[in-house]
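Dear colleague,

Please find the structure below, together with its sequence. I would be grateful if you would read the notes that follow with the model open beside them.

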Amino acid sequence: MKPVNRNLLVEIPVEEKEEVATTFILPTSFKPQEVERYTKVNIVACADDCKQRYSGEAYVETSMIEDISIEGEMHHIVSENYLVLLLGA
């Protein structure tokens, strides 16, 4: 599978979160922030028209990750513009 139009094909690592049982009362108007602004991803492939060849771990804007289901399998792409940090570069 090869992304085009300056897109990156990425994998989102599954992180196990340790749940701690706590009890307290919150106002009914309280809405917890459940989504982090940035997500750590592994870059699998990048389009030929990207400004450079990207690989390895990176952080991208979470809201800009597109989920595409192909033949029952979920794939994730993000535009090169929303790549904010390369790890180990």
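Which side chain meets that of lysine 2 in a salt bridge? The partner is aspartate 48, with a distance of 3.2 Å from N to O. Please bear in mind throughout that this is a predicted model.

**Salt bridges**

The structure holds three salt bridges. The pair just named links distant parts of the chain, since lysine 2 belongs to the segment before β1 and aspartate 48 to the loop between β2 (38-46) and β3 (56-61), 46 residues apart. Aspartate 48 counts as exposed because its relative accessible area is 60%, and exposed means over 50%. Lysine 2, at 48%, is partly exposed.

Another salt bridge brings together the side chains of arginine 6 and glutamate 80, at 2.7 Å from N to O. Arginine 6 is in the segment before β1 and glutamate 80 is in the loop between β5 and β6 (83-86), so this pair ties together parts that are 74 residues apart in sequence. Glutamate 80 is buried, with a relative accessible area of 6%, whereas arginine 6 is partly exposed at 26%.

There is also a salt bridge between lysine 40 and glutamate 57, whose closest N and O atoms are 3.6 Å apart. Here the two residues sit in strands: lysine 40 in β2 and glutamate 57 in β3, so the salt bridge ties together parts that are 17 residues apart in sequence. Lysine 40 has a relative accessibility of 25% and counts as partly exposed. Glutamate 57 is likewise partly exposed, at 33%.

**The segment before β1**

Arginine 6 deserves a further look for its backbone. Its phi is positive, about 60 degrees, although it is not a glycine. Asparagine 5 also has a positive phi, of about 55 degrees, and it is not a glycine either. Asparagine 5 lies in the segment before β1 (7-11), and it is exposed, with a relative accessible area of 60%.

**Strand β5 and its neighbours**

Is β5 largely enclosed by the rest of the structure or largely open? Five of its seven residues are buried, so the strand is largely enclosed.

Two strands pair with β5. Strand β1 runs antiparallel to β5, and four bridges join them. Within β5, serine 79 stands opposite asparagine 7. Strand β4 (residues 66-70) is also antiparallel to β5, and here five bridges make the connection. One residue to find is aspartate 67, whose bridge partner in β5 is histidine 76. The hairpin of β4 and β5 has two residues between the strands, and glutamate 71 there takes a positive phi near 50 degrees.

**Methionine 74**

Methionine 74 is located in strand β5 (residues 73-79). Is methionine 74 buried, partly exposed or exposed? At 46% relative accessibility, methionine 74 counts as partly exposed, because that category lies between the limits of 20% and 50%. Leaving aside residues up to four places away in sequence, methionine 74 touches Asp67, Ile68 and Ser69. Methionine 74 and leucine 9 are 65 residues apart in sequence, while their C-alpha atoms are 11 Å apart in space.

As a general point for reading this region, side chains in a regular strand alternate between the two faces of the sheet.

With kind regards

Key: Residues numbered from 1 in each chain as written. Predicted model: local features only at pLDDT ≥ 70, side-chain atom pairs only at ≥ 80, totals over all residues. Heavy atoms only, no water. Buried < 20%, exposed > 50% of the residue type's maximum accessible area, 1.4 Å probe, protein only. Contact = heavy atoms within 4.5 Å. Salt bridge = Lys/Arg side-chain N within 4 Å of Asp/Glu carboxyl O. Pairing = 2+ DSSP bridges.
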